[in-house]
Amino acid sequence: MKRLIAPFVVRGKAFANNIFYAPLAGCSDYPFRKVIVDPRLSHTRPGLFFCEMVKADALIRDEPTTYRLLDYDHSMHPIGAQICGSNPDYICEAARRIEDLGFDWIDLNCGCPVDKITKDGSGSALLQKPEKIGEILQKMVRATDLPISVKIRSGWDDDSINAPLITTIAEQAGASLITIHGRTREQGYKGKAAFSPIREAKKKAKTIYVFANGDIFDPLSAEKMWEETNADGILIARGTMGRPWIAEELVAYFQRRKKKEISPEEVRQWWLAHFEEIFRYQPDKKACLDMRRVGSWFLKQLPPHPRLKEVIMKEKDPRKILALLREEGPPALPF
């Protein structure tokens, strides 16, 4: 049987395993990534994770808010950045700047389905111009020494499934890896991710790594994805929300074929650590907003607790939210 979890090397850079965490707007921010590398919480981390996606034109305009999306510290290596755009020259300049910032990997976003991204020809709109994807990737490869990858969807709609074609184009352009989300742009996040476009793309690949993405939330769904696609690795997106430990869970399962159970107390420790990082990184008002968003993820991992949910959603002082979460016994929390 194919070894599913495995280390690999790309362009001279070593990665501990072939589980990647996706760039997610508003989710894969600095506090989230800081928690992932906290040695008190986990001994296994993903082979690579990404900052939130940045727009190439905003980066080269030196917009401070865009650069803040790329905040990281040395403990987060290896770390990747993802660029969004449709102008090859802007993207290449952005890639050079990202390399200068010390990143280990650069990804081109050709998968984001939201209108505000696709309206200028970026994100998944590029799926309609496969040759342009190849042009951009080729220029990126020439502009930087870092591994270059591209994230796509299976196609624009059911009548234009072109992931296998784009895989060949990306390989010819010199990209090291392609990640394929098993949905079309038209689907958004509705329905189930399809295996067949990823499987057919993997058959086309000769030198490029093919990673699978879509509906990976636990060891069983990861195993199913691997079995159905024969992919070289997986990229986990929404499955990391409220489950930052999922890489450790997958490694434990595939190495020992035994599911790692996460206790409610462990959930609380991860949750508390995440809130503490938010509190350190954000001003109070933004911290409260982020705590509501992150809290909703973690609440799904626990039995219903109306009081805690109410405090998180209404409290305007992040210190009080932290104080409540630090309480270990009833009646505060169900631990």
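1. Let's start with the largest cavity: it holds about 50 Å³ of space. Keep in mind that this is a predicted model. If you go hunting for other holes, note that the structure has one cavity of 30 Å³ or more.

2. Which residues line this largest cavity? They are F20, P23, F50, Q82, W105, D107, S149, K151, L177, T179 and L235. Three elements each give two or more residues to the lining: β7 (105-110), β8 (148-155) and β9 (177-184). Try picking out those strands on screen.

3. Sorted by class, the lining of the largest cavity has six nonpolar residues, three polar ones and two charged ones.

4. Now for the cores. In soluble globular proteins, nonpolar side chains tend to be buried together. Here, the largest nonpolar core has 66 residues, and L137 and M140 touch the most other members. Take M140 as your way in: leaving aside neighbours within four places in sequence, M140 is in contact with I83, I91, C92, I106, L108 and I148. Apart from this core lies another one, of 38 residues, including F15, L41, V267 and F275.

5. One last spot to look at is T66, which sits in helix α3 (residues 64-68). Is T66 buried or exposed? T66 counts as buried because its relative accessible area is 7%, and the cut-off for buried is under 20%. What does T66 touch, once neighbours within four places in sequence are left aside? The contacts of T66 are then V54, K55, A58 and L59.

Conventions: Residues are numbered from 1 along each chain as its sequence is written. This is a predicted model: local features need pLDDT of at least 70, side-chain atom pairs count only at pLDDT 80 or more; totals for chains, interfaces and linings use all residues. Side-chain values use heavy atoms; hydrogens and water are left out. A nonpolar core is a set of buried Ala, Val, Leu, Ile, Met, Phe, Trp, Tyr and Cys residues joined through side-chain atoms within 4.5 Å. Buried means under 20% relative accessible area, exposed over 50%, partly exposed in between (1.4 Å probe, protein chains only). Contact means heavy atoms within 4.5 Å. Helices (H or I, at least four residues) and strands (E, at least two) are DSSP runs, numbered from the N terminus. On a 1 Å grid over the protein atoms alone, a cavity is a set of points where a 1.4 Å probe fits but cannot get out, and a pocket is an open set with protein on both sides within 12 Å along at least five of seven lines; lining residues have an atom within 4 Å of a point. Grid points are joined across faces, edges and corners, and a volume is the space filled by probe spheres set on the points. Ala, Val, Leu, Ile, Met, Phe, Trp, Tyr, Cys and Pro count as nonpolar, Asp, Glu, Lys and Arg as charged, and the others, Gly among them, as polar.
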